[in-house]
Amino acid sequence: MSRAARDTCLCFTLDAAGGRVLLIKKKRGMGAGKWNGPGGKLEPGESAAAAAGRETREETGVTPVAPRYAGLLEFRFAEGSACWDNLCRVYRADAHEGSLGPENDECAPGWVSVAEIPYDAMWEDDRSWLPLLLDGRPFHRVYRFGAGDALLGELIRDPVTHDGLPAAD
């Protein structure tokens, strides 16, 4: 990535018995108004896996059990915009503890049927890689966004090599 990218994470917690995935509708910041998995920036010295668990718990009240690395996303935004470039490690948890908390200042959490994932209200790139996560298939994608967060391009990379980046913590 040409500019300094933030280290971020996402965590998708599944409730297999109910055929649901835990999502949040962001209320502020990057992606406000969009549905996504819980996640955010890593704290100093924090691993991406630890951050995925912490962010999910803070945003939803649900604690993912044994989240495992699912894939890597690189997001590049148009020059001149606020630098939202980030390197996002994505995790999947097939079990959880706790119950869904209330809507908060940051987001509205909710369990969503996997068959009814609101792709039209998500980032455009999610249609490409989220089905891979749900199928348990590894991925590494690079996305370029332009003005108004319009998706300009997708590059599919080998999910094993990661260009020297660690595949997991």
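This is a short walk through the structure, one selection at a time.

**Start with the whole chain**

Keep in mind that you have a predicted model open. Show the chain as a cartoon and follow it from the N terminus: the 169 residues make two helices and 11 strands, in the order β-β-β-β-α-β-β-β-β-β-α-β-β. Of those residues, 42% count as buried. If you switch on the surface, its accessible area comes to about 8,200 Å², and carbon and sulfur atoms own 51% of that. How much of the contact network joins residues at least 24 apart? Counting contacts between residues at least 6 apart in sequence, the share is 65%.

**Select strand 7, residues 86-93**

Colour strand 7 (86-93) and look at its cover. Eight of its eight residues are buried, so the rest of the structure largely encloses this strand. Show the side chains and check both faces: N86, C88, V90 and R92 are on one side, and L87, R89, Y91 and A93 are on the other. Every one of these residues is buried.

Now add the neighbours. Strand 1 pairs with strand 7 in the parallel sense, over eight bridges. To find your place along that pairing, pick F12, whose bridge partner in strand 7 is R92. Strand 6 also pairs with strand 7, this time antiparallel and over seven bridges. Here the residues to click are Y69 and, opposite it in strand 7, Y91.

**Stay on strand 1 and pick D15**

D15 lies in strand 1. Is D15 buried or exposed? It is buried, with a relative accessible area of 14%. Leaving aside residues up to four places away in sequence, D15 touches R20, H96 and W111, so select those three as well and look at them together.

**Over to strands 2 and 9**

Next, colour strand 2 (20-26) and strand 9 (107-113). They run antiparallel and are joined by seven bridges. A handy landmark is L23, which stands opposite G110 in strand 9. Strand 9 is another well-covered element: six of its seven residues are buried, so the rest of the structure largely encloses it.

**Select helix 1, residues 48-60**

Try the distance tool on the end C-alpha atoms of helix 1. They are 18 Å apart, which agrees with the 18 Å expected for 13 residues at 1.5 Å a residue. Then show the buried side: A48, A51, A52, G53, R54, E55, T56, E59 and T60. As you rotate the helix, remember that residues three or four places apart point the same way, because an α-helix has 3.6 residues a turn.

What do the buried residues of helix 1 pack against? The list includes strand 1, strand 2, strand 7 and strand 9 from the earlier stops, along with strand 4 (39-41) and strand 5 (63-65). Just past the helix, click G61: its phi is positive, near 85 degrees.

**Helix 2, residues 126-134**

Jump to helix 2 (126-134). Its buried residues are D126, W129, L130, L132, L133 and L134. Bring up what covers them, which includes strand 1, strand 3 (35-36), strand 6, strand 7 and strand 10. This helix is followed by G136, another glycine with a positive phi, near 75 degrees.

**Last stop: the rings**

Show the aromatic side chains. The whole structure holds eight aromatic pairs. Zoom in on F75 and Y143, which are stacked, with 6.1 Å from centre to centre and 20 degrees between the planes. F75 sits in strand 6 (68-77) and Y143 in strand 10 (139-145), so this pair ties together parts that are 68 residues apart in sequence. Both partners are buried: F75 has a relative accessible area of 10%, and Y143 has 1%.

Slide along to F77 and W123. Their centres are 6.1 Å apart and their planes lie at 75 degrees, so the pair is edge-to-face. F77 belongs to strand 6, while W123 is in the loop between strand 9 and helix 2, 46 residues apart. F77 and W123 are both buried.

Add F145 to the selection and you have a cluster: ring pairs link F75, F77, W123, Y143 and F145. Before you leave, turn on K34. Its charged end sits over the ring of W123, 4.8 Å from the ring centre.

Methods
Residues numbered from 1 in each chain as written. Predicted model: local features only at pLDDT ≥ 70, side-chain atom pairs only at ≥ 80, totals over all residues. Heavy atoms only, no water. Helix = DSSP H or I, 4+ residues; strand = E, 2+ residues; numbered from the N terminus. Expected span 1.5 Å × (residues − 1). Buried < 20%, exposed > 50% of the residue type's maximum accessible area, 1.4 Å probe, protein only. Contact = heavy atoms within 4.5 Å. Phe/Tyr/Trp six-rings, centres within 6.5 Å; stacked < 30°, edge-to-face > 60°. Lys NZ or Arg CZ within 6 Å of the ring centre and 35° of its normal. Pairing = 2+ DSSP bridges. Areas by Shrake-Rupley, 256 points an atom, 1.4 Å probe, with all protein chains shown as cover.
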